Structure formats: C-alpha cells, structure tokens
Amino acid sequence: MKRLLGPLALAVIAALAGHFLVLQQAPSFIMDRALVMLEQRGIPLHGFQLAERMTPETQSVVRPSPDLAYSACRFDFDEAPDGIKVRMAATPDYASLSFFDANTNNFLTLRGEGETRETILLPPGSAEPPEGSAVSPTTRGVILIRRLAPTQEAYDAVAAIAAGDACETI
C-alpha cells in the first residue's frame, strides 16, 4: 500500500493541475471560437449586424431567446487603437447594450429604456477615461444589442431601428 501513495499523490496533483488549467483557459478558448464563428457568419469588425429572427430553424449551438432580436459587433483594438464609438438607437421596448471581453466576461451593460445610448469604448490600459466612456479589459471582444421582438411585426420594427446603431472606430 505504501508503494501506491506516491503514484496516487502524483495522479491527484496532475488531476488538480489539469482542472485548474481548463478553468483558466476555457473562457478565452470559448471566446476565440465565438469570434471566429461570428466572423464566418459575416459579423463585421467594428460594425453591428442584426441577426435573423430567432426561430427553431435559426438556432444553433446556443439557444437564443425567440423573443429577442440580436445585433452583434466584434471589436479589436489592434485595428482601432484610439477606441470605438458605440451607439444603440432608441427602442420603445426592452433593449440592452452589453460588452463582453475576450474571456467571456460581461464588463458593461447599458439599458435602453426608450433612449439612445452612446459610449466610447477605449483600449485596455487607457488612463482616466472621460465620463460616458469605458475601458475594455482585453483588446478583443463582442458587443451585443438585445431588443424585444416576439413577433415578425416587432422584428421588422427593430430592423428599421437597428439601422441607427453604430459601432465604429474613432
């Protein structure tokens, strides 16, 4: 039995090291895959694109809410060193503007509440961000707008409103 303690301890240490390595690396791996998939779907870098209306036929791996319309914008500060100007056009119903870093963390969310929301997103390490701006914790990520659109008619109205969204380099 004494001869098994060494290999058993090594196995436990290896299992714990593997567990913590996966916990450490999984978020950035998942976001890398998400950014590649968004690019393959035609989501522009520094530009919003409204996704198709969510139905059982349009849902893929992640099950988005069929009651919401989604617009996404990828950002990369290697291509926008001075920052990104983001605007969510006013929507009469529920709307939110969410920012996700390269580790899948939601670092900022703004509610629409019937008004246009604008902010400047600055690269990591930016000193003293001006009021109304935010600093991204990573150089890459995704900005997501979600709006209530439970019917085709509501989705069509959101599509017209989404034309006023902006995600552009400064």
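This section describes the strand pairing, the disulfide, the aromatic pairs and the nonpolar cores of a predicted model.

The sheet considered here is open and contains 4 strands, arranged in the order E7-E6-E3-E9 with mixed pairing. Strands of a sheet pair through backbone hydrogen bonds, and the pairing may be parallel or antiparallel. The edge positions are taken by strand E7 (133-135) and strand E9 (166-169); each has a single partner strand, so one side of each is left without a neighbour in the sheet. On average, and with direction ignored, neighbouring strands of this sheet are turned by 20 degrees against each other. Within the sheet, strand E3 (residues 84-88) and strand E6 (residues 117-122) run antiparallel and are joined by 5 bridges. In one of the residue pairings between them, Val86 has Thr119 of E6 as its bridge partner.

Edge strand E9 also takes part in a covalent link. The structure holds 1 disulfide, which joins Cys73 to Cys167 with an S to S distance of 2.0 Å. Because the torsion about the S-S bond of Cys73 and Cys167 is about -50 degrees, the disulfide is left-handed. Cys73 belongs to strand E2 (residues 68-76) and Cys167 to strand E9, so the pair ties together parts that are 94 residues apart in sequence. Cys73 and Cys167 are both buried.

Residue Val86 of the central pairing recurs in the packing of nonpolar side chains. The largest nonpolar core comprises 16 residues, and those with the most contacts inside it are Phe48, Ile84, Val86, Leu97, Leu121 and Ile143. At least two residues of this core are supplied by each of E2, E3, strand E4 (95-101) and strand E8 (140-148). When neighbours within four places in sequence are left aside, the residues in contact with Val86 are Phe48, Leu97, Phe99, Arg117, Glu118, Thr119, Ile143 and Ala166. The bridge partner Thr119 is thus listed together with residues of the core, including Phe48, Leu97 and Ile143. Another core, of 10 residues, lies apart from the largest one; its members include Met31, Leu35, Met54 and Val142.

A pair of aromatic rings is described by the distance of the centres and the angle of the planes. The count of aromatic pairs comes to 2. Phe75 and Phe77 form a tilted pair, with 5.4 Å from centre to centre and 55 degrees between the planes. Phe75 has a relative accessibility of 1% and therefore counts as buried; Phe77, at 5%, likewise counts as buried. Phe99 and Phe107 also form a tilted pair, with 6.0 Å from centre to centre and 50 degrees between the planes. Here Phe99 is buried, its relative accessible area being 0%, whereas Phe107 counts as partly exposed at 24% relative accessibility. Phe99 is also one of the residues in contact with Val86.

A further spatial relation involves the helical part of the model. Ile30 is located in helix H1 (residues 2-40) and, at 49% relative accessibility, counts as partly exposed. The C-alpha atoms of Ile30 and Ala102 are 8.8 Å apart in space, although the two residues are 72 residues apart in sequence.

Key: Residues numbered from 1 in each chain as written. Predicted model: local features only at pLDDT ≥ 70, side-chain atom pairs only at ≥ 80, totals over all residues. Heavy atoms only, no water. Pairing = 2+ DSSP bridges. Axes fitted to C-alpha atoms, helices over the stretch in contact; angles between N-to-C directions. Phe/Tyr/Trp six-rings, centres within 6.5 Å; stacked < 30°, edge-to-face > 60°. Buried < 20%, exposed > 50% of the residue type's maximum accessible area, 1.4 Å probe, protein only. Disulfide = S-S within 2.5 Å. Core = buried A, V, L, I, M, F, W, Y, C linked by side-chain atoms within 4.5 Å. Contact = heavy atoms within 4.5 Å.
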